[in-house]
2 protein chains.
Amino acid sequence: VGEVTLTDVAARVGLAHSNVLRYFETREEVFLHLLAAEWDAWKTAVEGRLPESPATAAGVAAVLTETAVQRPLFCDLHSHAASVLERNVSGESVRHFKLAALGAVGQLADAVADALPELGREGSRTVLTGCAALIAGLWPIANPSERVAEALHDPELRHGRVEFGPRLRGTLEPLIVGLIEQRARGALG
Amino acid sequence: VGEVTLTDVAARVGLAHSNVLRYFETREEVFLHLLAAEWDAWKTAVEGRLPESPATAAGVAAVLTETAVQRPLFCDLHSHAASVLERNVSGESVRHFKLAALGAVGQLADAVADALPELGREGSRTVLTGCAALIAGLWPIANPSERVAEALHDPELRHGRVEFGPRLRGTLEPLIVGLIEQRARGALG
């Protein structure tokens, strides 16, 4: 996002720069509107994939990861939402965006809880908030600038090379396993 | 970090702006140097706390969380490292910073694996990389601007109010439980 200009965005959605600014006050406002739509699209994709996937921690982690990997615009905008975008728009725009994003998170948590009942509503919400935080934290590391990527060729820095999909999935799956395990222990104890 | 200027940093470390720029080329370079030192300080704090804490998932999650909560400068700089700071310095500065940060992550993973042997080296590394990604993703959400915080007073947006410590701990603990569980299953299977 850092390098994307309003002209790029206008081109992507097929409008002239001046027409985009007729509807939105700032570039950040345009990005937050796009991100709200991306949250909804991700939600729809996950809801579509869950019923046909194994009802296991591995299955749910795979669905969340693969649908996120297919949405680089979502991941990129989301990774800048709290640190940059939300801070540069009006309170009304923040409210509009948060309603959309939190609504999507709530519906995603419901869908995951339906797919994996042993997780529970609370566990399912932790999976979704954890997933959102991990996407925001991992995306910029996994997509370094050219100069940073070059520095990471050094074998001493091999642990700095992060693959977004495998890392997200490899963290989400044990998170889900642990939440199920904690809930089972709570029910037993 | 977004609002911190080089003059603030110079004031914090007791130097005049001109003296800081004698040693560093850009503000981002100063921040990355500070962050490298913060990684080392966090590592030392965790290493100091682990031996006196319960050797359980809850104990390790509490140590990682509480030591991070005590270091707002670390959390703030870290949350901007990959998305902003690393992108605005020389390749040599990136290399220097990454060596320090990855070194700290490796030593932290060793310390956690020693404290909780059932986690294994690989599991312990996943805890640390997950913890780092979660700190980067959660910090900006948990520390909104004044205007965003005001918008979040709306009861409809209550799920948007995130407390950093409880959320980090509440995600790390099940992640550790799940990694131990996966490893135990692997050993049995």
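How many residue pairs are in polar contact across the interface of chain A and chain B? Let's find out, view by view, in this predicted model.

**View 1. Chain A and chain B meet across an interface with polar contacts and salt bridges.** The rule finds 10 residue pairs in polar contact here, with both partners at pLDDT 80 or more. Four salt bridges also cross the interface. In one salt bridge, Glu156(A) pairs with Arg95(B), and their closest N and O atoms are 3.9 Å apart.

**View 2. Helices of chain A help to build the side that touches chain B.** Look for helix 6 (91–115), helix 7 (120–142), helix 8 (146–151) and helix 9 (164–188) of chain A: each supplies at least two residues of this side. Helix 9 of chain A gives the largest share, with 12 residues. Sorted by class, the side of chain A that touches chain B holds 20 nonpolar, 15 polar and 12 charged residues.

**View 3. The contact between chain A and chain B buries about 4000 Å².** Carbon and sulfur atoms give 66% of that area. Three residues to pick out are Arg87(A), Arg147(A) and Leu157(A), which supply 13% of the area that chain A buries against chain B, more than any other three residues. In terms of residues, 47 of chain A are in contact with 47 of chain B.

**View 4. Chain A and chain B are related by a rotation of 180 degrees.** With 0.0 Å of shift along the axis, this rotation superposes chain A on chain B, giving an RMSD of 0.0 Å. That is the relation of a two-fold axis. Which surface does each copy use to meet the other? Of the interface residues of chain A, 100% are also interface residues in chain B, so the copies meet through the same surface.

**View 5. Lys98(A) sits in helix 6 of chain A.** Is Lys98(A) buried or exposed? Its relative accessible area is 9%, which is under 20%, so Lys98(A) counts as buried. Leaving aside residues up to four places away in sequence, Lys98(A) touches Glu86(A) and Gly103(A), along with Val148(B), Leu152(B) and Leu157(B).

**View 6. Helix 5 of chain B (residues 72–81) is largely enclosed by the rest of the structure.** The reason is that eight of its 10 residues are buried. You can follow the buried residues of helix 5 of chain B one by one: Phe74(B), Cys75(B), Asp76(B), Leu77(B), His78(B), Ser79(B), His80(B) and Ala81(B).

Notes
Residues are numbered from 1 along each chain as its sequence is written. Chains are lettered from A and ligands numbered from 1 in the order in which they are written. This is a predicted model: local features need pLDDT of at least 70, side-chain atom pairs count only at pLDDT 80 or more; totals for chains, interfaces and linings use all residues. Side-chain values use heavy atoms; hydrogens and water are left out. Contact means heavy atoms within 4.5 Å. Buried area is the accessible area (1.4 Å probe) that two parts lose on being put together, summed over both. A salt bridge is a side-chain nitrogen of Lys or Arg within 4 Å of a carboxyl oxygen of Asp or Glu. A polar contact is a pair of N or O atoms within 3.5 Å; within protein, one must be able to donate a hydrogen and the other to accept it, and residues adjacent in sequence count only if both atoms are side-chain atoms. Helices (H or I, at least four residues) and strands (E, at least two) are DSSP runs, numbered from the N terminus. Ala, Val, Leu, Ile, Met, Phe, Trp, Tyr, Cys and Pro count as nonpolar, Asp, Glu, Lys and Arg as charged, and the others, Gly among them, as polar. Buried means under 20% relative accessible area, exposed over 50%, partly exposed in between (1.4 Å probe, protein chains only). Copies are superposed by least squares on the C-alpha atoms of residues with pLDDT of at least 70 in both.
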